[in-house]
Every structure is written in structure tokens, then in C-alpha cells.
Amino acid sequence: TSNPFTINGLVLSTEYEFYVRAVCSPTSSSEWTAPYFFATTQIPANFPFVEDFEGQLSVGIVNGTQTNKWVIGAATGNTGNSAYISNDNGTSNAYTLTSTSKSYFYRDVAIPAGAVQGKLQFDWKAQGQTTVDFLKVWIVPSSYSLVAGTAIATATENVQIGTIYNLNGTTWTRADQDVSLTQYAGTTARLVFEWTNNASSGTQPPAAVDNINFSLISCPRPTNLGLVTATSSSATIRWSAGSNESAWEYYIVPFGEPGPTATTVGVPTTTRTNNVIPNLLEATQYTVYARAICGPGDASLWSEPFTFITSQIPAQMPYLENFDGTTPKIGISNGTQVNKWFLGAAVSNSADKSMYISNNNGVANAYTTGTTSVSHFYRDIEIPAGVSLGNLRFDWRAQGESTFDYIRVWAMPLSYIPS
């Protein structure tokens with residue numbers, strides 16, 4: 001035959017291997033070459049792309065000679081069939097821990113012109129091992145060539161969606177990720193599911209994926225919520241528009257209280273740069289959310305939460321505080337730390353209360369040693385003009401550990417907000 005040679009009659013979205021040998025004469029031929037692998041292209045899916053792995057399949061699979069391969073089958077599913085890693089051609093959802101593997105399955109999706117944001121949802125499970133045996137999900141250009149055993153190259157157009165997915169054992173979990181589509185708008189993008197494992201150790205099972213739903217978000221939610229300024233009784237917040245909307249709502253609650261739902265009505269606004277929220281309490285931590293209003297009955301999801309603390313009215317010297325009686329005007333910056341400052345009665349060196357670290361919301365003065373934490377409480381104090389030296393006295397106790405687990409005390413400008 002001639003070189004190059006066109007092979008017709010192939011099935012779309014299918015991985016093939018081919019061999020070549022030289023024919024030197026009617027009675028003399030060379031050995032066959034090692035196999036070469038390629039995959040036929042796909043007819044791009046339109047939004048929404050839905051795949052439950054039942055019936056006719058539309059995904060491409062790139063396994064090459066990897067020991068641990070993606071297969072479509074019934075060894076596991078949520079429910080019915082799923083895509084899963086197998087070391088025995090689909091009989092079981094199991095992987096060989098001592099054989100390094102990197103394999104992919106993918107679907108090309110047409111991204112409409114002007115698209116800004118998509119939503120990817122899928123069911124998954126995988127145990128694997130920490131940061132070495134895991135499932136990853138990517139969006140890349142459809143021209144990107146996936147090669148079994150080779151990592152996806154680092155590039156601005158190759159974007160990982162979410163984090164690594166593993167360590168949930170045999171429990172099916174629903175992933176729900178917003179996906180930026182701006183750089184792919186008007187083109188065809190490739191949605192890629194990757195399995196990677198090293199050859200050291202790990203725990204069964206490897207990855208399984210089911211019930212994929214990739215849809216277009218018509219009204220993207222705002223991003224980059226932030227604080228312009230905060231006083232003791234108000235705050236000014238801002239955010240970035242999700243798309244080209246010109247109306248929004250915001251919702252604010254004290255830190256730790258439930259956030260808004262789809263039916264929650266927020267405070268309407270037509271500005272995203274200087275929204276003043278009045279009537280706040282001093283030295284108090286709040287959480288604020290925003291959503292876009294793209295039209296009647298068309299609201300975005302609420303944004304990711306943003307947390308801030310209102311400022312204090314400075315205390316006068318001498319400043320005395322035993323934490324009993326009226327709630328002290330102190331600021332607490334715990335965030336999501338496991339070990340938090342708490343004002344309570346679990347321990348004290350006065351009549352009633354003290355400030356202490358607690359890992360159970362104040363029930364006990366105890367901390368979790370297996371979790372790193374940095375938390376603060378503070379009080380603003382007005383320093384009279386001309387004062388050069390002050391004296392600070394306080395009662396304290398702590399065991400902790402050498403230079404790792406301890407309490408420290410600082411003096412700093414009013415403009416510094418501990419976080």
C-alpha cells in the first residue's frame with residue numbers, strides 16, 4: 001500500500017491501535033512494528049451534555065497500554081453502568097497498586113459564542129491515595145491530543161476543574177462545579193476525566209464516574225466579593241459582575257448563621273462597587289453574599305461567601321476587662337479554624353467568664369492537636385498624645401507545645417485587621 005494511507009470506515013470517538021510492516025518482495029516481509037495508538041474524533045455535543053453511560057455511548061477513551069484503564073460497564077454505577085477504572089477489562093472496579101497508570105476519557109462539547117460560565121455536575125467515588133492516586137477533571141481545547149501515560153501539559157488553555165477527587169471510599173458523591181467558559185466561547189472544548197496512580201501503595205477502589213451533566217449558566221453569579229471599608233456600624237462592599245447584568249441582590253448575616261437559599265430575597269441594588277450596609281454591630285463578624293438579577297425570574301446562584309469584621313469604638317485608658325457581665329466589645333477572628341477563641345464559662349480566673357481556646361464551641365477549654373489553627377481576639381484602645389510607655393497585665397494559662405502551640409500578644413496599628 002502507499003504511504004500515507006487513509007483508513008476508512010472507522011467508528012467515531014474510538015481508540016485504535018495499528019501496526020505496519022515492510023513488504024520487501026513477494027516472499028519477504030519485515031517484522032510488524034510496535035503498535036501505534038490514535039483515537040477518532042467526536043461530533044461535538046451541545047449544551048446540556050448529559051451522560052449516564054446507558055445505551056449508545058458518546059465518550060472517547062484513551063488507555064493505551066496502561067494497566068489501570070477506563071472502561072464502561074456494570075461493575076459499579078449510580079445506578080446502572082458507569083465509567084470506572086479497572087485492571088481486569090471491566091470485571092471489577094479495582095486497580096493494580098504497583099503499576100503506574102494515567103488514562104483518560106473525554107467528550108468534546110460545542111461552547112456557544114458569548115458563553116461565560118457553565119455548570120459541571122457528576123457522581124464520583126474513589127479512595128486511592130492522598131495526592132498520588134486520584135481523579136482529576138479538565139477542560140482543554142478540542143485540538144489537544146491526550147496521550148495515555150502522559151500528564152496534561154501546563155497551559156492557560158488547559159484548566160483543571162475543581163480539586164483532586166479521592167478519599168471517599170465507596171460512597172458516591174455529587175460534584176458541582178462552576179466552569180469559566182470565556183476563553184472557549186465560540187469554539188469546541190474537550191471535557192476530560194483523568195485517572196492517575198503511582199506504583200507505591202493505595203487503597204481500593206479507584207475512580208468511578210456516573211451521571212455527568214454539563215450545562216450552560218445563563219445568569220452567572222458575581223465573583224470577587226470584597227470590602228471597600230468598614231466602620232463600627234456599617235460596611236461598604238463590592239463585587240465583580242458575572243456577565244453583563246446591571247442588577248443584583250446582596251444578603252448579610254452574622255458569621256456562622258445559615259446562608260441564603262434560592263428562594264431568599266436579598267437587598268436589591270443597581271451598583272456593584274459601593275454598597276453601604278448600615279445598622280451593623282461594632283466588633284462583629286458578618287458574612288455577605290451577592291447574586292445577579294439577569295431578568296424577571298432569572299437570578300444567578302448566590303456567590304461564594306465573604307466574611308468581614310466591623311471596627312470597634314476604641315476603649316479609653318486604663319482599659320480593664322474581666323469578661324464578666326455585659327458582653328465585652330472585643331473583636332474575634334476565628335474564620336473556619338477548628339480551634340477557636342470563645343467567650344464563655346468553661347474556665348476563668350474571675351467570677352464567671354474568660355476568653356479561651358475551644359474545639360467544641362466553648363463547652364471545654366481544649367484543642368485538637370491534629371489540626372493547624374491560627375485565631376485572634378483583639379481590642380482597639382485610644383492612646384493619649386504624648387504617652388510613650390504603658391503597662392499590660394493579664395492572667396493566662398496554656399500548656400501547648402514548645403514553639404508550636406502557644407499564645408502571643410501583639411500591639412499594632414488600628415488599620416491592621418487580624419485574619
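**Exercise 1. Find the bridge partner of Phe134 in strand 14, then place the two strands in their sheet.**

Step 1. Phe134 has Thr196 as its bridge partner in strand 14. Strands here are DSSP runs of E with at least two residues, numbered from the N terminus.

Step 2. Before going on, a word on the model: it is predicted, local features need pLDDT of at least 70, side-chain atom pairs count only at pLDDT 80 or more, and totals for chains, interfaces and linings use all residues. Residues are numbered from 1 along each chain as its sequence is written, and side-chain values use heavy atoms, with hydrogens and water left out.

Step 3. Strand 11 (residues 134-141) and strand 14 (residues 188-197) run antiparallel and are joined by 8 bridges; two strands pair if DSSP finds at least two bridges between them.

Step 4. The open sheet has 5 strands in the order 6-9-14-11-12, with antiparallel pairing. Its edges are strand 6 (60-62) and strand 12 (159-160), each of which pairs on one side only.

**Exercise 2. Locate the disulfide and work out which parts of the chain it ties together.**

Step 1. The structure holds 1 disulfide (a pair of cysteine sulfur atoms within 2.5 Å). Cys219 and Cys294 form this link, with their sulfur atoms 1.9 Å apart.

Step 2. The link of Cys219 and Cys294 is right-handed, with 85° about the S-S bond.

Step 3. Cys219 sits in the loop between strand 15 (208-217) and strand 16 (223-230), while Cys294 belongs to strand 21 (residues 285-295), so the pair ties together parts 75 residues apart in sequence.

Step 4. Is Cys219 buried or exposed? Cys219 is buried, at 3% relative accessible area, whereas Cys294 is partly exposed at 33%. Buried means under 20% relative accessible area, exposed over 50%, and partly exposed in between (1.4 Å probe, protein chains only).

**Exercise 3. Describe the aromatic pairs Tyr286–Phe308 and Trp341–Phe377.**

Step 1. The whole structure has 16 aromatic pairs. Rings of Phe, Tyr and Trp (its six-membered ring) pair if their centres lie within 6.5 Å; planes under 30 degrees apart count as stacked, over 60 as edge-to-face and the rest as tilted.

Step 2. Tyr286 and Phe308 are stacked, at 6.0 Å centre to centre and 25° between the planes. Tyr286 is in strand 21 and Phe308 in strand 23 (residues 306-309), 22 residues apart. Both Tyr286 and Phe308 are buried.

Step 3. Trp341 and Phe377 are edge-to-face, at 4.8 Å centre to centre and 75° between the planes. Trp341 lies in strand 25 (residues 340-344) and Phe377 in strand 27, so this pair ties together parts 36 residues apart in sequence.

How values were computed: Helix = DSSP H or I, 4+ residues; strand = E, 2+ residues; numbered from the N terminus.
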